[in-house]
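This report concerns metal sites, a bound ligand and aromatic pairs. Please consult the sequence and the structure as you read.

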Amino acid sequence: MKFSFISGNVPTTAALVVTVYEDGELSPTAGAMDKACGGKILRAMENSRFKGKSGELLDILAPANLDNSRILLAGLGKKSALKVVDLENLGGRVYKELSGKGETEVCIAIDGLSAEGKDEAVLAAHVSHGALLRSYRFDTYKTNIKPESMPSLKAMTVHCASPENAQTTFEKLEKVAQGVLFTRQLVSEPPNRLYPESFAEQAKELEAMGVKVTVLGEAEMADLGMNALLAVGMGSARDSKVVIMEWNGAPESREQKPLAFVGKGVTFDTGGISLKPAAGMEDMKFDMGGAGTVYGLMKALAGRKAKVNVIGACGLAENMPSGNAQRPGDIVRSYSGKTIEVLNTDAEGRLVLADVLSYVQEKYKPRLIIDLATLTGAILVALGNDIAGIFSNSDDISSKLVTAGEAVDERVWRLPLADCYDKLIDSEAADMKNIGGRFAGSITAAQFLQRFIENGTPWVHIDIAGVAWSAKDKPISEKGATGFGVRLLERFVADNYEA
Ligand code: BES
Ligand code: ZN
Ligand code: ZN
């Protein structure tokens with residue numbers, strides 16, 4: 001889709017979107033259009049249940065005296081409560097609504113708005129950002145889409161004050177959106193197409209943007225002693241990989257230690273010998289979602305040339321049962337030297353992450369490390385599908401993540417770490433076991449990861465098992481892979497770490 005920004009007269013052709021606040025207050029453009037079409041907008045509002053609430057739309061077709069195909073009223077809710085994400089959601093909803101109605105062009109008039117101290121141009125850019133995010137569909141493997149079910153919208157213009165400023169802001173947001181869409185595509189790919197080797201190959205796409213990409217194969221991992229990660233991939237016919245991506249956007253501060261992001265990239269999780277039930281197992285193609293988010297984040301940061309040094313490191317493996325698979329009861333020596341008794345081969349994500357966490361700390365001495373993983377089913381029990389769980393040894397970084405999450409509407413909630421949970425993973429036979437008891441499953445998983453964090457390196461674990469995939473459409477994402485975490489971490493970096 002083509003995005004542009006204009007000021008001056010609103011177009012009198014194609015579809016026009018104007019905004020209304022919850023008390024029925026029309027935006028200046030909405031008021032002007034109401035006059036132009038003989039009061040039809042107010043009459044339409046009187047004759048419907050449209051109240052201008054946030055998310056409401058009212059479609060007025062073929063308005064009198066005007067050549068516009070339609071005027072779409074968009075509710076923005078209470079003026080005093082307006083947020084930037086409301087504008088993103090507006091863009092997403094308008095895209096969806098008109099794309100299903102055969103419209104090819106739309107102009108959205110943004111005026112008389114302010115939210116979170118941002119000016120109109122910035123808000124206009126966020127409208128387009130929301131529409132771009134909503135426009136992603138996973139249709140790679142559909143060979144027979146009927147023209148009438150293709151999204152019709154081809155061009156979106158946002159009418160605002162200072163369109164040049166809106167364009168400049170949008171150019172950065174567009175890079176962030178491209179990161180999100182990259183993540184969604186990776187997470188949506190089926191597991192016969194996306195496996196460790198092909199997934200590692202996808203990182204090469206980032207080289208053109210200036211990202212340095214290094215891929216470790218099984219031989220190198222074996223030399224390094226990454227036996228916990230290798231154990232997970234033993235049952236698979238596919239080789240495991242580690243992918244390291246480096247973005248040095250602040251070369252003058254090369255001595256400045258990098259931020260490190262680590263992702264769980266289990267391209268398919270059958271559970272291994274501790275096999276999962278058949279029903280719903282197909283969902284486990286998304287078990288590389290943490291790594292997918294790290295890829296998307298690197299793409300977003302490199303795309304907008306972020307002034308920061310960042311490492312993205314992903315452990316990629318396929319968890320399969322076979323004659324070569326690891327067994328419940330196996331004891332493995334991790335890269336750190338710590339030994340792990342594997343009591344359940346389905347608790348594999350923490351094994352993959354353990355070695356990558358140790359390796360990244362040793363090799364890059366990061367100033368902080370954030371891992372992302374679809375780690376536990378228990379996080380769905382605790383927090384459901386809308387808020388991700390975070391676990392951390394740093395109050396400061398946790399609160400920065402909460403703030404960033406609220407700003408971009410990718411919310412996180414901190415859960416505790418404590419010695420009383422840590423002891424639940426003590427093993428009789430090794431340094432630790434890879435499962436705790438029946439309860440507090442997300443916390444014992446996090447405690448396991450924390451055993452691989454050395455010297456108090458500031459660290460956060462984000463369990464995205466509940467949020468990486470959505471069974472429902474949302475204003476800025478179709479059902480399916482959400483790309484959760486890319487916008488969260490992009491904002492976290494932008495607001496706190498950029499030179
Ligand atoms: N990939 C799963 C976590 C998961 C489960 C994500 C369900 C989304 C939905 C992970 O590898 C896993 O299987 N975890 C086990 C851990 C258990 C064996 C301690 C789980 O959560 O059941
Ligand atoms: Zn598992
Ligand atoms: Zn898993």
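The sections below treat the zinc ions, then ligand 1, and finally the aromatic rings.

**The zinc ions**

The model described here is predicted. The zinc ion (ligand 3) has as its protein donors Lys264 (NZ), Asp269 (OD), Asp287 (OD) and Glu348 (OE), which lie 2.0 to 2.4 Å from the ion. Along the sequence, these donor residues follow the spacing K-x4-D-x17-D-x60-E. What arrangement do the 6 donor atoms around the zinc ion (ligand 3) form? The arrangement is octahedral, because the angles they subtend run from 77 to 174°.

The zinc ion (ligand 2) is coordinated at 2.0 to 2.2 Å by Asp269 (OD), Asp346 (O), Asp346 (OD) and Glu348 (OE). Asp346 thus appears with two atoms, O and OD. The spacing of the donors of the zinc ion (ligand 2) in the chain is D-x76-D-x1-E. Around this ion, the 6 donor atoms subtend angles of 71 to 166°, and the arrangement is therefore irregular.

A distance of 3.2 Å separates the zinc ion (ligand 2) from the zinc ion (ligand 3), and aspartate 269 coordinates both. Distant parts of the chain are linked here: aspartate 269 belongs to strand β9, while glutamate 348 belongs to the loop between β12 and α10, 79 residues apart.

How accessible are these donor residues? Aspartate 269 counts as buried because its relative accessibility is 3%, below the 20% cut-off for that term. Lysine 264 is likewise buried, with a relative accessible area of 1%. For glutamate 348, also buried, the value is 0%.

**Ligand 1**

There are 17 residues around ligand 1, and Lys276, Asp287, Asp346, Glu348 and Gly377 come nearest. Among these, Asp287 is also a donor of the zinc ion (ligand 3), and Asp346 is a donor of the zinc ion (ligand 2). The table gives distances between an oxygen atom of ligand 1 and a polar side-chain atom of a residue.

| Residue | Distance to an oxygen atom of ligand 1 |
|---|---|
| lysine 264 | 3.2 Å |
| aspartate 269 | 2.9 Å |
| lysine 276 | 2.8 Å |

Taken alone, ligand 1 exposes 510 Å², of which the protein buries 75%. Lysine 264 and aspartate 269 have a part in the metal site as well, as donors of the zinc ion (ligand 3).

**Aromatic pairs**

A pair of aromatic rings is described by the distance of the centres and the angle of the planes. The structure holds 8 aromatic pairs. One of them is formed by phenylalanine 3 and phenylalanine 170; the pair is tilted, with 5.1 Å from centre to centre and 50° between the planes. Phenylalanine 3 lies in strand β1 (residues 2-6) and phenylalanine 170 in helix α5 (residues 163-188), so this pair ties together parts that are 167 residues apart in sequence. Phenylalanine 3 counts as buried at 11% relative accessibility, and phenylalanine 170 is buried with a relative accessible area of 2%.

The rings of tyrosine 335 and tyrosine 359 form an edge-to-face pair, because their planes stand at 75° and their centres are 5.7 Å apart. Tyrosine 335 is in the loop between β11 (331-333) and β12, and tyrosine 359 is in helix α10, so the pair ties together parts 24 residues apart in sequence. Tyrosine 335 counts as buried at 15% relative accessibility, and tyrosine 359 is buried with a relative accessible area of 8%.

One aromatic cluster is formed by Phe3, Phe5 and Phe170.

Note on methods
Residues are numbered from 1 along each chain as its sequence is written. Chains are lettered from A and ligands numbered from 1 in the order in which they are written. This is a predicted model: local features need pLDDT of at least 70, side-chain atom pairs count only at pLDDT 80 or more; totals for chains, interfaces and linings use all residues. Side-chain values use heavy atoms; hydrogens and water are left out. Donors are N, O and S atoms within 2.8 Å of the metal (3.2 Å for Na, K and Ca); water is not among the atoms, so sites may look incomplete. Four donors count as tetrahedral if all angles lie between 85 and 135 degrees; four count as square planar and six as octahedral if opposite donors are over 155 degrees apart and all others between 65 and 115; anything else is irregular. Buried means under 20% relative accessible area, exposed over 50%, partly exposed in between (1.4 Å probe, protein chains only). A residue is near a molecule or strand if one of its heavy atoms lies within 4 Å of it. A polar contact is a pair of N or O atoms within 3.5 Å; within protein, one must be able to donate a hydrogen and the other to accept it, and residues adjacent in sequence count only if both atoms are side-chain atoms. Accessible areas come from the Shrake-Rupley method with a 1.4 Å probe; for residues, only the protein chains shown count as cover. Rings of Phe, Tyr and Trp (its six-membered ring) pair if their centres lie within 6.5 Å; planes under 30 degrees apart count as stacked, over 60 as edge-to-face and the rest as tilted. Helices (H or I, at least four residues) and strands (E, at least two) are DSSP runs, numbered from the N terminus.
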